[in-house]
Amino acid sequence: MRCKNCKEKFEPARFNMKYCLKDECVRVFVEEVKAKQWKKTKQKMQQDLETIQDFLNMTQVIVNKFIRLRDKEENCISCGKHINGVRHASHYLSAGGHSSIRFHEDNIWVSCYKCNVMLSGNQVEYRKALIKDSNKRRKRVNKRPKTRTKSISSTRCCR
Ligand SMILES: [Zn+2]
Ligand SMILES: [Zn+2]
């Protein structure tokens, strides 16, 4: 058997031993094992990340659907015009860059295709509308029945 590192002949103590026991060769062997383990860990992390990403995407679809229902009679948040065709759930602060509020309903309002897609949210007009009609919008958010939360707390399911 020849050592994989120094290429010298040696007597393997174990089956499958590819390195001899010289310090230098043991070091190379340890590095190889570490690299293999890291590769495995990295793969696992990437898989987990994909799972989280799937979950976030799925949640976003549901949240966007809720926003479209909440704003089903509203005009485009940015240009204020009546929306013909597809109604977009437009983030004021982008979902990617602001993950903590990507599902916050104050950050998502219905807009038209032109403002959301072609003008990337039409931010300047979006901001003006948010400031101008904030009270009106807050009322709309608060008006929503909170039956679900109530029923959970009043039944004291955790006891
Ligand atoms: Zn060696
Ligand atoms: Zn618009």
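**Exercise 1. Strand β2 in this predicted model: state for each face of β2 which residues are buried.**

Solution. Step 1: take one side of β2, where I108 and V110 are buried. Step 2: take the other side, where W109 and S111 are buried. Both faces of the strand are therefore covered. Step 3: compare with the general pattern. In a regular strand the side chains alternate between the two faces of the sheet.

**Exercise 2. Find the strand that is joined to β2 and the direction of the pairing.**

Solution. Step 1: β1, residues 88–91, is joined to β2 by 4 bridges. Step 2: the two strands run antiparallel. Step 3: for a pair of positions, H88 stands opposite S111 of β2.

**Exercise 3. List the residues of the largest nonpolar core and name the element that gives the most to it.**

Solution. Step 1: the core has 12 residues, namely I67, C76, I77, A89, Y92, I108, W109, V110, C112, C115, Y126 and A129. Step 2: at least two residues of this core come from each of β2 (108–111) and α3 (123–132). Step 3: β2 gives the most, with 3 residues. In soluble globular proteins, nonpolar side chains tend to be buried together.
Step 4: look at one core member, C115. Leaving out residues up to four places away in sequence, C115 touches C76, S78, C79, S90, G121 and N122.

**Exercise 4. Check the length of helix α1 against its number of residues, and state how many of them are buried.**

Solution. Step 1: α1 covers residues 23–70, which is 48 residues. Step 2: at 1.5 Å a residue, the helix should span 70 Å. Step 3: the end C-alpha atoms are 69 Å apart, which agrees with the expected span. Step 4: of the 48 residues in α1, the count of buried ones is 1, and the helix is hardly covered.

**Exercise 5. Decide whether C6 is buried, partly exposed or exposed, and list what C6 touches.**

Solution. Step 1: C6 lies in the segment before α1. Step 2: 14 other C-beta atoms lie within 10 Å of C6. A buried residue needs 20 or more, and an exposed one has 12 or fewer, so C6 is partly exposed. Step 3: setting aside residues up to four places away in sequence, C6 touches C20, K22, E24 and C25. Step 4: C6 and K22 are 16 residues apart along the chain, and their C-alpha atoms are separated by 9.0 Å.

**Exercise 6. Describe the whole protein chain by its elements and its share of buried residues.**

Solution. Step 1: the chain has 5 helices and 2 strands. Step 2: from the N terminus the order is α-β-β-α-α-α-α. Step 3: of the 159 residues, 16% are buried.

Definitions and conventions
Residues numbered from 1 in each chain as written. Chains lettered and ligands numbered in written order. Predicted model: local features only at pLDDT ≥ 70, side-chain atom pairs only at ≥ 80, totals over all residues. Core = buried A, V, L, I, M, F, W, Y, C linked by C-beta atoms within 7 Å. Contact = placed C-beta atoms within 7 Å. Expected span 1.5 Å × (residues − 1). Pairing = 2+ DSSP bridges.
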